[in-house]
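The questions below ask what stands behind some of the terms used for this model. Each answer sets a value against a cut-off and concludes.

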There are 2 protein chains.
Amino acid sequence: MHDQNINVALKQIQDYFKIAISVDCVIFGYDGKELKVLMIQCNMDPYMGKWSLLGDLVSPDEDLDVAAQRILNERVGFKNLYLEQVKTFGKIGRHPSGRVISVSYYSLVKMSDFIPSTNLPIPAKWWNIYEVEELAFDHRQILDACLDRLRKRVRYNPIGFNLLPKEFTLSQLQNLYEAILNKMLDKRNFRKKITAMGFLTDCHRYQKEVAHRPARLFSFEMKKYNALEASGLIFEL
Amino acid sequence: MHDQNINVALKQIQDYFKIAISVDCVIFGYDGKELKVLMIQCNMDPYMGKWSLLGDLVSPDEDLDVAAQRILNERVGFKNLYLEQVKTFGKIGRHPSGRVISVSYYSLVKMSDFIPSTNLPIPAKWWNIYEVEELAFDHRQILDACLDRLRKRVRYNPIGFNLLPKEFTLSQLQNLYEAILNKMLDKRNFRKKITAMGFLTDCHRYQKEVAHRPARLFSFEMKKYNALEASGLIFEL
DNA sequence: TCAAAAGTGTTAATGATACACCCATGT
DNA sequence: ACATGGGTGTATCATTAACACTTTTGA
């Protein structure tokens with residue numbers, strides 16, 4: 001290959017391939033009280049030390065969704081999480097190292113199953129969603145867009161269960177909705193609505209070792225839900 | 001520059017910059033009866049002759065939204081159209097020339113103002129949304145995603161007016177909603193709802209030269225709507 | 001005078017909201 | 001026995017859905 005070819009190649013790079021693609025994941029969790037988001041500290045100027053979402057470049061032979069799953073798997077050790085693409089951020093100056101267009105996703109994690117790995121390259125921290133500090137890059141915008149989307153989605157799709165343990169009480173479920181929507185709900189109306197939809201399975205088991213009347217445990221099974229949805233059920237909370 | 005540098009450069013290309021970004025626009029229009037979508041014919045194998053959305057590569061110094069506006073302007077001659085980003089499509093094999101990740105947008109055009117330019121590089125055609133043939137690339141998926149989004153958006157945001165002439169009748173507005181939602185609506189209930197929201201301005205003018213009782217003309221002003229929204233109005237149809 | 005779309009209210013059904021007390025357990 | 005959250009039903013209000021006839025114009 002001689003210089004002329006190089007110049008052609010470099011010209012092409014300049015013209016078409018000077019953009020890198022990344023994926024950024026907003027990872028939501030729920031600890032039984034608060035809605036949380038997982039973040040790491042940025043090690044790149046000018047955002048050194050600022051908190052940042054988990055993200056990485058997408059390689060040329062990698063699907064976007066696969067890249068998102070990879071990030072979740074590499075950094076948090078989870079597979080097959082609920083994942084939804086939200087929005088693509090492409091402002092010129094959004095990344096200090098050059099033109100990086102970022103496809104954002106949010107993901108839902110059962111924190112009860114989450115074992116914080118101490119041997120990961122970068123330690124991560126769960127932040128209360130309402131107490132997040134100033135973030136690196138345009139990650140505040142990304143976080144806001146994902147939280148907005150989650151709030152809409154959770155009202156019309158049964159995805160909240162991805163944040164709860166397999167067996168949960170109705171109060172836990174209500175509390176989760178209150179944390180996501182940032183709004184109090186009426187206990188009786190909430191229970192009426194969700195039990196009337198008929199997709200919750202009564203586990204015939206109860207909470208143990210709680211200093212009050214133990215609550216009935218329920219579980220959510222996608223199969224059962226799908227069957228009901230197919231016969232006309234409309235989920236709405 | 002000698003060969004070693006070349007190899008480094010090429011390696012970098014291979015590693016990070018082998019992905020091109022494009023924008024594809026679903027351009028919706030309304031001719032008074034049907035919801036339409038603007039498309040062109042593909043001149044690239046293996047999709048030669050198939051119909052395709054309007055799209056182009058994003059240049060490295062160009063915002064995504066700006067690229068979308070540019071495409072609309074270059075190809076259709078419009079500026080400042082309503083535009084919404086919908087989803088990013090990034091499957092490995094979606095484009096025959098290599099890895100191209102496409103950010104999709106939909107846009108709303110007043111067809112009444114649209115003068116089909118005959119001197120454009122590629123002639124475009126308005127298709128009835130419900131009669132679109134097999135499309136090039138993954139454009140069917142993109143179209144479906146954009147139509148879905150439009151259907152949701154139009155129920156909770158006053159964006160339908162972007163498809164109507166400045167002055168329109170209530171029947172035209174209803175017809176537009178029926179075309180978008182693909183569903184008949186009750187005339188009296190529709191009128192009650194939309195007039196009760198109070199943001200339509202009566203033009204005190206009427207249709208002319210129609211072979212039936214002429215309908216009252218209304219207009220939509222964003223200012224008025226914003227004021228009402230600020231004082232608590234919730235748009236919903 | 002006919003055809004075609006404009007315009008207009010009421011009733012019934014459904015869904016949403018508001019609200020207070022007794023129950024079972026651990027300490 | 002007390003503190004804590006679990007669990008339950010009804011009445012009111014607001015919203016939605018269903019429905020038919022008269023009016024105005026051009027042909």
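Q: What makes a residue count as buried?
A: Buried means a relative accessible area under 20%, taken with the protein chains only. The model here is a predicted one.

Q: Why is Thr201(B) called buried?
A: The relative accessible area of Thr201(B) is 19%. The cut-off is under 20%, so Thr201(B) counts as buried.

Q: Where does Thr201(B) lie, and which residues is Thr201(B) in contact with beyond its neighbours within four places in sequence?
A: Thr201(B) belongs to strand E9 of chain B. Beyond those neighbours, its contacts are Leu217(B), Phe218(B), Ser219(B), Glu221(B) and Lys224(B). For each of these, contact means heavy atoms within 4.5 Å.

Q: How do you know that E9(B) and E10(B) pair?
A: Pairing asks for at least two bridges between two strands. E9(B) and strand E10 (residues 216–220) of chain B have four bridges, in the antiparallel sense, so they count as paired. Leu200(B), for its part, has Phe220(B) in E10(B) as bridge partner.

Q: Why are E8 and E9 of chain B said to stand at the edges?
A: The open antiparallel sheet of chain B has three strands in the order E8-E10-E9. Strand E8 (167–168) and strand E9 (200–206) each have a single partner strand, so one side of each has no neighbour in the sheet.

Q: What makes E8(A) and E10(A) a pair?
A: E8(A) and strand E10 (residues 216–220) of chain A are joined over two bridges, antiparallel. The requirement is at least two, so the pair qualifies. Phe168(A) is opposite Phe218(A) in E10(A).

Q: What share of chain A counts as buried?
A: The share is 46% of the 237 residues in chain A. The secondary structure of this chain is made up of six helices and ten strands.

Q: How do you know that Lys187(B) makes a polar contact with DNA strand C?
A: An N or O atom in the side chain of Lys187(B) is 2.7 Å from a base nitrogen of DNA strand C. A polar contact needs N or O atoms within 3.5 Å, so this pair counts. For Lys192(B), a side-chain N or O atom is 3.0 Å from a base oxygen of DNA strand C. Helix H5 (187–197) of chain A and helix H5 (187–197) of chain B are the elements that give two or more residues to the surface near this strand. H5(B) provides the largest share, four residues.

Q: Which residues come nearest to DNA strand C?
A: Among the 20 residues around DNA strand C, the nearest are Val210(A), Arg213(A), Ser171(B), Lys187(B) and Arg216(B). Of the strand atoms that come within 4 Å of the protein, 42% are sugar and phosphate.

Q: What makes the Arg213(B) approach to DNA strand D a polar contact?
A: A backbone N or O atom of Arg213(B) is 2.7 Å from a base oxygen of DNA strand D. The limit is 3.5 Å, so the pair counts as a polar contact. Arg191(A) has a side-chain N or O atom 3.3 Å from a phosphate oxygen of DNA strand D.

Q: How do the residues of the surface near DNA strand D divide by class?
A: There are six nonpolar, four polar and eleven charged residues. Asp, Glu, Lys and Arg count as charged.

Terms used: Residues are numbered from 1 along each chain as its sequence is written. Chains are lettered from A and ligands numbered from 1 in the order in which they are written. This is a predicted model: local features need pLDDT of at least 70, side-chain atom pairs count only at pLDDT 80 or more; totals for chains, interfaces and linings use all residues. Side-chain values use heavy atoms; hydrogens and water are left out. Buried means under 20% relative accessible area, exposed over 50%, partly exposed in between (1.4 Å probe, protein chains only). A residue is near a molecule or strand if one of its heavy atoms lies within 4 Å of it. A polar contact is a pair of N or O atoms within 3.5 Å; within protein, one must be able to donate a hydrogen and the other to accept it, and residues adjacent in sequence count only if both atoms are side-chain atoms.
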